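This report introduces a structure to a reader who has not met it before. The sequence and the model are shown first, and the description follows.

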Amino acid sequence: MDKKIEKFLTIILSILLIASILTTVYLIHAPKVGERFTEFYILNENLKAYDYPTNLKYNENATIIIGIRNLEYRPMNYTVLVFLSNKTYDYNDTVYLDQVNNWNGFLSYNYALSKKVHLIHHNETVLIPLNFSINKTGVHKIEFILLDESSELGLKKVYRELHLWTNVSKDENKSLI
């Protein structure tokens with residue numbers, strides 16, 4: 001009887017050993033899917049996250065670099081919108097603003113500069129330079145909105161939002177003559 005129990009326990013231990021080896025191999029080779037999100041950020045023209053163009057002259061050209069990094073574990077289609085706003089946006093808002101397919105130009109309260117971005121790979125990053133100017137004096141809130149165009153529903157909901165306050169003043173050096 002002892003030989004039968006010994007043989008049975010040996011078979012059980014062998015099965016457990018093989019199962020643990022197979023589980024270890026699976027865990028090593030199967031990619032761990034972590035939190036799914038998209039990084040959305042702005043940089044100055046030197047690719048630094050400070051010293052943004054916050055004091056501009058009327059019609060002065062400025063540059064911002066917009067960064068998008070796909071950590072969604074799937075291909076993603078985005079639309080980036082940039083415009084002047086006096087509203088606060090959150091992730092449940094829908095953007096009702098005319099989009100101009102022109103990327104560089106004047107920022108406005110009436111329309112948004114827009115750019116479509118497609119990121120295929122997980123961890124793929126794109127840096128998009130935006131050259132802009134503002135032809136209205138005063139303090140303005142520049143909105144940077146990221147829309148997720150990958151959903152089957154086709155909703156234009158805000159996926160990520162950033163903003164930058166900019167003061168635009170008249171150029172005092174211009175001659176009136």
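A residue is called buried when its relative accessible area is under 20%, exposed when it is over 50%, and partly exposed in between, with a 1.4 Å probe and protein chains only. By this rule Asp51 is exposed, because its relative accessible area is 61%, whereas Leu47 is partly exposed at 48%.

The model is predicted, so that local features need pLDDT of at least 70 and side-chain atom pairs count only at pLDDT 80 or more, while totals for chains, interfaces and linings use all residues. Residues are numbered from 1 along each chain as its sequence is written, and side-chain values use heavy atoms, with hydrogens and water left out.

**Overall form**

The protein has one helix and ten strands, where helices (H or I, at least four residues) and strands (E, at least two) are DSSP runs numbered from the N terminus. Along the sequence the pattern reads α-β-β-β-β-β-β-β-β-β-β. The radius of gyration of the protein is 27 Å, while a compact globule of 177 residues would have one near 16 Å; the radius is taken over C-alpha atoms, and the globule rule is 2.2 Å times the number of residues to the power 0.38. The C-alpha trace spans about 115 × 35 × 25 Å along its principal axes, and 33% of the 177 residues count as buried.

**The helix and its patch**

Helix H1 covers residues 2-29 and includes Leu16, which counts as exposed because its relative accessibility is 52%. Leu16 also belongs to a nonpolar surface patch with Ile5, Phe8, Leu9, Ile12 and Leu13, and together these residues have about 590 Å² of accessible area. Patches are made of residues with over 30% relative accessible area and no salt bridge, with like charges joined within 9 Å and nonpolar side chains (Val, Leu, Ile, Met, Phe, Trp, Tyr) within 5 Å. A salt bridge is a side-chain nitrogen of Lys or Arg within 4 Å of a carboxyl oxygen of Asp or Glu, and accessible areas come from the Shrake-Rupley method with a 1.4 Å probe, only the protein chains shown counting as cover for residues.

**The two sheets**

Two strands pair if DSSP finds at least two bridges between them. One open sheet has six strands in the order E2-E10-E9-E4-E7-E5, with mixed pairing. Strands E2 (55-57) and E5 (98-100) stand at its edges with a single partner strand each, so one side of each is left without a neighbour in the sheet. Within this sheet, strand E9 (residues 138-148) is mostly covered, with nine of its eleven residues buried.

Another open sheet, also of mixed pairing, has four strands in the order E1-E3-E8-E6, and its edge strands, E1 (37-43) and E6 (105-106), each pair on one side only. The table lists some of the pairings.

| Strands | Sense | Bridges | One bridge pair |
|---|---|---|---|
| E5 and E7 | parallel | three bridges | Gln99 and Ala112 |
| E4 and E9 | antiparallel | eight bridges | Leu84 and Ile142 |
| E9 and E10 | antiparallel | ten bridges | Glu143 and His163 |
| E1 and E3 | antiparallel | seven bridges | Tyr41 and Gly67 |

**A loop with positive phi values**

Leu47 lies in the loop between E1 and E2, and the place of Asp51 is in the loop between E1 and E2 as well. Leu47 has a positive phi near 65° although it is a residue other than glycine, and Asp51, likewise a residue other than glycine, has a positive phi near 60°.
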